[in-house]
Amino acid sequence: MAAGGLAGLLPAQTQLEYALLDADTPQEKENLVYQYLKKMDSRERDLTVPELGGDLQWLNTEGPISLHKDLCGKVVVLDFFTYCCINCLHLLPDLHALEHQYSDKDGLIIVGVHSAKFPNEKVLDNIKSAILRYNIVHPVVNDADATLWHELEVSCWPTLVILGPRGNMLFSLVGEGHREKLFLFTSITLKFYKEKGQIKDNNIGIKLYRDSLPPSPLLFPGKVTLDNSGERLVIADTGHHRILVTQKNGEILHIIGGPNSGRRDGRFSEAAFNSPQGIAIKNNVIYVADTENHLIRKIDLELEMVTTVAGIGIQGVDKEGGAKGEEQPISSPWDVVFGNSISGTQEDNVLWIAMAGTHQIWALMLEGGKLPKGSDLKKGVCLRFAGSGNEENRNNAYPHKAGFAQPSGLSLASEEPWNCLFVADSESSTVRTISLKDGAVKHLVGGERDPLNLFAFGDVDGAGINAKLQHPLGVTWDKKRKLLYVADSYNHKIKVVDPKMKNCATLAGTGEASNVIGSSFTQSTFNEPGGLCVEGNGRLMYVADTNNHQIKVLDLETKILSMALPILIPEACDVPDNLPLQKDKIKNLPKLPKSAPNIQLPSLTVAPGQTIQFLLKLTLPPDSKLNEEAPNSWFIAAE
């Protein structure tokens, strides 16, 4: 039993932390950690982690793992995380780097302990999707009831706990940004216990869930948008680390980046992104929230070039901004939308950014101009517009004093009386508005009045605060109907909000995470939809149905979810080399006699990836047979 949980580590570790602040050289730091370990190891009673329940579900392993049997002789890093949390995502690159440096052969193993915030995150299939999306390659246990969390008295996400080879607790690191300490503590712990002969080099049975996935044209698409003409779609194919530009029938016009993550400007074929999310298109220019690169990228469709316009490629902690875009560090931008400054002469001269990583809304000045409650700004400047940087659900007449909680979706209603930005504020489970006249931040639907309560979620239709959402990631404004549509991601629904009455109601989805197409809105289903957009004429809505790896098309007039958009990748079509020859053959085929039967089959609604069986039975008239000597021909042609 863990006596007093993590609190038992506090006195000794706090002393170590203070001593490390005074240490000048790496050698001094290593010696301090070494002495600390000697002290911790000689304690009469270990601070031991309790065994994980045998009935828990494991991912990325061949079966359940016992902390005290299978991981005996290993230095174990427990990562208490929940997959919605941006701070937990910020920690993943550190863990990737650590497991790159030390393997289970070296005696290190990382175990993700998934301790859900939202009810939707307790479901194993949803955690599976998150593991794939974030490329997690170590074992993960679904501690849905947060048993270990409570036993150790963990208090926030993310928390790392480093264990010695007897399951003895040695260190804890709370929050993000401790990379240096993580590497220092782990490397010295491995060295210390190797010298004592207590490290085992046996393999742990890792079986990556991603290896069993069938290929698909899209992988976790996060966002989708339309150009002004309504003829081209832009899709953030997030899991394939690329941007697709398609016609409305799904035929691909441009593939930019992918299929692997990276950070490179240049021509379309050499450019690289890392889990891109938000996209905004005007004429032949697309801006991209390149989320895990912490960049804003610009795609020029005419020149077929990708450039970086904001961010430096590493996670920023600056909560003010004000430098030129390419010199300004930013943190996990999740969505982008065009807007106008209050003094600018040009349309769409501001790019608004949902900066999920610092819980703020930022602006990138595409031309010089002035923002509400702000001074004149030069072209290219990137700065905070709203949000203090504290993770809260705080509304305020002054934009800098308001608080957001991982804003993940943006949409703009420029017409009166609205003239505002709509924000899908995922961790507070609310939709908020920011006035583009004076910058005032107001509540629209969801959440509750206490700005510090980020657990006021649910699935309730209603008005204002009585409506409840669960981690919404996307919003889009319907100019024709003056309505706002919300991707209520963890409720697997699309909701509709009337901003005048503050009414929020379910438009589509049953609340079940599945994939039902070709039916009325109320019977159709989604799986964590992340983004959406509506045609200018208000007829069709496109939804990035993230965990179903599809773009779904909803007809807002007939209220039918008509289809998943077929993504037609030119090189993915199976085209035989001798196609012209086949065409010639078809031309030379004998003409059918007029009496030949012409059978019309009923039309069939199908989805990409679905298998169709076409059975053809030919029956000859009684007492007749094919003469093998006479010429006969058989062919099948498909459009």
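A residue is termed buried when its relative accessible area is under 20%. In the present structure, which is a predicted model, this criterion picks out Ile-86, Asn-87, Cys-88, Leu-89, His-90, Leu-91, Leu-92, Asp-94, Leu-95, Ala-97 and Leu-98 as the buried residues of helix α3. These buried residues pack against three strands, β2, β3 (108-114) and β5, against helix α6 (179-195), and against strand β17 (333-339). Helix α3 comprises 16 residues, for which a span of 22 Å is expected at 1.5 Å a residue; the C-alpha atoms at its ends lie 24 Å apart, in agreement with that expectation. A bend of about 25° occurs in α3 at Leu-92, and the proline Pro-93 follows within four residues.

The loop between β2 and α3 (86-101) contains Thr-82. The relative accessible area of Thr-82 is 1%, and this residue is therefore classed as buried. A polar atom of the Thr-82 side chain is placed 3.2 Å from the backbone nitrogen of Lys-117. Beyond residues up to four places away in sequence, Thr-82 touches Cys-88, His-114, Ser-115, Ala-116, Lys-117, Glu-121 and Trp-157.

Strands β2 and β5 both belong to an open sheet of six strands, arranged in the order β1-β4-β3-β2-β5-β6 with mixed pairing. The edge positions are taken by β1 (57-59) and β6 (169-174); each has a single partner strand, so one side of each lacks a neighbour in the sheet. On average, and with direction ignored, neighbouring strands of this sheet are turned by 20° against each other. Within the sheet, β2 (residues 75-81) is joined to β5 (residues 159-163) by five bridges in the antiparallel sense, and Val-77 lies opposite Ile-162 of β5. Leu-47 is located in the loop that connects α2 (26-41) with β1. Its relative accessible area of 7% places Leu-47 among the buried residues. Although Leu-47 and Asn-168 are separated by 121 residues in sequence, their C-alpha atoms are 5.4 Å apart in space.

Strand β17, one of the elements against which α3 packs, is part of a second open sheet. Five strands make up this sheet, in the order β16-β22-β19-β18-β17, and their pairing is antiparallel. Strands β16 (321-324) and β17 form its edges, each pairing on one side only. From one strand to the next, the twist averages 25°. Four bridges connect β19 (residues 360-365) with β22 (residues 381-386) in the antiparallel sense; Ala-363 has Leu-383 of β22 as its bridge partner.

Further along the chain, six of the six residues of strand β34 (residues 540-545) are buried. In a regular strand, side chains alternate between the two faces of the sheet. In β34 both faces are covered, since Leu-540, Tyr-542 and Ala-544 are buried on one side and Met-541, Val-543 and Asp-545 are buried on the other. Strand β34 pairs in the antiparallel sense with β33 (residues 531-534) over four bridges, with Gly-531 matched to Ala-544 of β34. The β33-β34 hairpin has five residues between its strands, and Gly-538 in the turn adopts a positive phi of about 80°. Strand β34 is also joined to the antiparallel strand β35 (residues 550-555) by six bridges, and Leu-540 stands opposite Asp-555 in β35. In this second hairpin, four residues separate β34 from β35, and His-549 has a positive phi near 55°.

How values were computed
Residues numbered from 1 in each chain as written. Predicted model: local features only at pLDDT ≥ 70, side-chain atom pairs only at ≥ 80, totals over all residues. Heavy atoms only, no water. Pairing = 2+ DSSP bridges. Helix = DSSP H or I, 4+ residues; strand = E, 2+ residues; numbered from the N terminus. Axes fitted to C-alpha atoms, helices over the stretch in contact; angles between N-to-C directions. Buried < 20%, exposed > 50% of the residue type's maximum accessible area, 1.4 Å probe, protein only. Polar contact = N/O pair within 3.5 Å; in protein donor to acceptor, adjacent residues only side chain to side chain. Contact = heavy atoms within 4.5 Å. Expected span 1.5 Å × (residues − 1). Bend = angle between axes of the 7 residues up to and from the residue.
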